[in-house]
Amino acid sequence: MRGTPVLNPSGIRGQRWLSVILVWILVGIAVHARPAPQERPSSTASLLLLHTNDIHDILKAPRGNTLGGIAYVSGYIHQVRAMRDDVVALDAGDILEKGDFLGLASKGEASYRALGAVGYDATVPGNHDFVFGMGQLRRNIEASGIPMLCANIIYEDTKEFVFQPSREIRKGGVRIGLIGASVGRDNVFESGRRITTVRHPELGKRIASIAAEVNHRTDIQIVVLHGGTWAAQAVAKAVPEVDVVVAGHTNEVTTTPMVAPTGALIVEVGRAGQWVGSLDMVVDLDAKKIASYQYRMIPMDRKKIPEDKELTKRLEEWEKQFCPEGGDGLSNAPKKQPRNKNGRKGP
Ligand SMILES: [Zn+2]
């Protein structure tokens, strides 16, 4: 009688072993068939540069529909800083002259204190900022608390820097080198010592020397230059490590950044705090260069921009302090529109 087939236990074990071996072969094939890992993507970090130039004592909100007022510049920058931790704010000089009587009456102290309230990470000395002499400029800088950078204004006798030439800061995940430069001003003295300005091509060599020294400690290098876009092009050409030049002095408007042959971006944003330039970057931390960017000029429209009410209150207090006779403490609206890079008026 054919009995019920009896399974051979050793046969079952043999099949299991066969299965295990097959699985290992398949896994082995799968492992070897896996595509080679792609190259590790570059590490990146965001950085938002907000910038102004040629504020020119325009402190209180100008009359009429003209944009600006330093309390709105401050309100905007504080608003953005409350939302992002990767903001660097820079001013490219000429804080003084041509604007409110308050600036003149306080010998620039109110204007510099106002800039201090904005919280810039650095500024540079514009030619107008020397108007009350070096002693007062020193007092104004101290009152503002803002680092004043300049690599090309030196004492004629010893060739030493008059101002700190550069500084290094970190915003978000980006290490930033900041270098200052300026067109300077003639016939400036401090304690009897003549102060002189180093110009091109020596200026380019000086900035190149600083940039080379700090390059291994920074991811991006920004030059703050009171010297217009032409001078900015010359600096970019002389210093390939420079990624951005924030310009001033010529009241130009770069609605889109100029791109130097080295790839450096050059920006300048009119005058009188009518706009804040906003350069939103993605920085490639391995290549140490800007991977991508977006640029906008933010109009300081008083209907849309939040006012720094604390600063407005302090401006009123300073007006009582420095203009006890009353005077014309109101802002002079800019008399002429700035030129853009094509020579047209307005942004
Ligand atoms: Zn200037």
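## Surroundings of helix α4

The buried residues of α4 make packing contacts with α2, β2 (87-91), α3 (101-105), β3 (122-123), α5 (133-144) and α8 (309-322). This comes from a predicted model. Helix α4 is mostly covered, with eight of its ten residues buried. Those residues are E109, A110, S111, Y112, A114, L115, A117 and V118. Just after α4, G119 adopts a positive phi of about 90°.

## The α2-α4 contact

Helix α2 covers residues 70-83 and helix α4 residues 109-118; their axes come within 9 Å and cross at roughly 20°. Because this angle is under 35 degrees, α2 counts as roughly parallel to α4. The crossing of α2 past α4 is right-handed.

On the α2 side the contact is made by I70, V73, S74 and I77, and on the α4 side by A114, A117 and V118. Sorted by class, the α2-α4 contact holds six nonpolar residues, one polar residue and no charged ones. A114, A117 and V118 also belong to the buried set of α4.

## The chain as a whole

The protein chain contains eight helices and 14 strands. Of its 347 residues, 46% are buried. Among contacts between residues at least 6 apart in sequence, 73% join residues that are at least 24 apart.

## The six-stranded sheet

One open sheet has six strands in the order β5-β6-β9-β10-β12-β11, and its pairing is mixed. The edges are held by β5 and β11 (258-259); each has a single partner strand, so one side of each lacks a neighbour in the sheet.

At the β5 end, strand β5 (residues 166-171) and strand β6 (residues 174-182) run antiparallel and are joined by six bridges. K171 has V174 of β6 as its bridge partner. The two strands form a hairpin with two residues between them, and G172 in the turn has a positive phi of about 60°. On the pairing of β6 with strand β9 (residues 220-226), the direction is parallel and seven bridges are present. Within this pairing, G180 is bridged to V224 in β9.

## Helices on the six-stranded sheet

Helix α6 (residues 202-214) packs on this sheet and touches β5, β6 and β9. The direction of α6 makes about 160° with that of β6. Since an angle over 145 degrees counts as roughly antiparallel, α6 is roughly antiparallel to β6.

Helix α7 (residues 228-238) lies across β6, β9, β10 (244-247), β11 and β12 (265-267). Relative to β10, helix α7 runs at about 155°. Strands β6 and β9 thus appear in the contacts of α6 and also in those of α7.

## The three-stranded sheet

A further open sheet consists of three strands in the order β4-β8-β7, with antiparallel pairing. Strands β4 (153-155) and β7 (188-190) stand at its edges with a single partner strand each, so one side of each is without a neighbour in the sheet. Ignoring direction, neighbouring strands here are turned by 40° against each other on average.

Strand β7 is joined to strand β8 (residues 193-197) by three bridges, and the two run antiparallel. One of the residues involved is V188, whose bridge partner in β8 is I195.

Note on methods
Residues are numbered from 1 along each chain as its sequence is written. This is a predicted model: local features need pLDDT of at least 70, side-chain atom pairs count only at pLDDT 80 or more; totals for chains, interfaces and linings use all residues. Two strands pair if DSSP finds at least two bridges between them. Helices (H or I, at least four residues) and strands (E, at least two) are DSSP runs, numbered from the N terminus. Axes are lines fitted to C-alpha atoms, for helices over the stretch in contact, and angles run from 0 to 180 degrees between N-to-C directions. Angles under 35 degrees count as roughly parallel, over 145 as roughly antiparallel, 65 to 115 as roughly perpendicular and the rest as oblique. A crossing is left-handed if the near helix is turned anticlockwise from the far one by less than a right angle, and right-handed if clockwise. Two residues are in contact if their C-beta atoms, placed from the backbone, lie within 7 Å. Ala, Val, Leu, Ile, Met, Phe, Trp, Tyr, Cys and Pro count as nonpolar, Asp, Glu, Lys and Arg as charged, and the others, Gly among them, as polar. A residue is buried if 20 or more other C-beta atoms lie within 10 Å of its own, exposed if 12 or fewer, and partly exposed in between; C-beta atoms are placed from the backbone.
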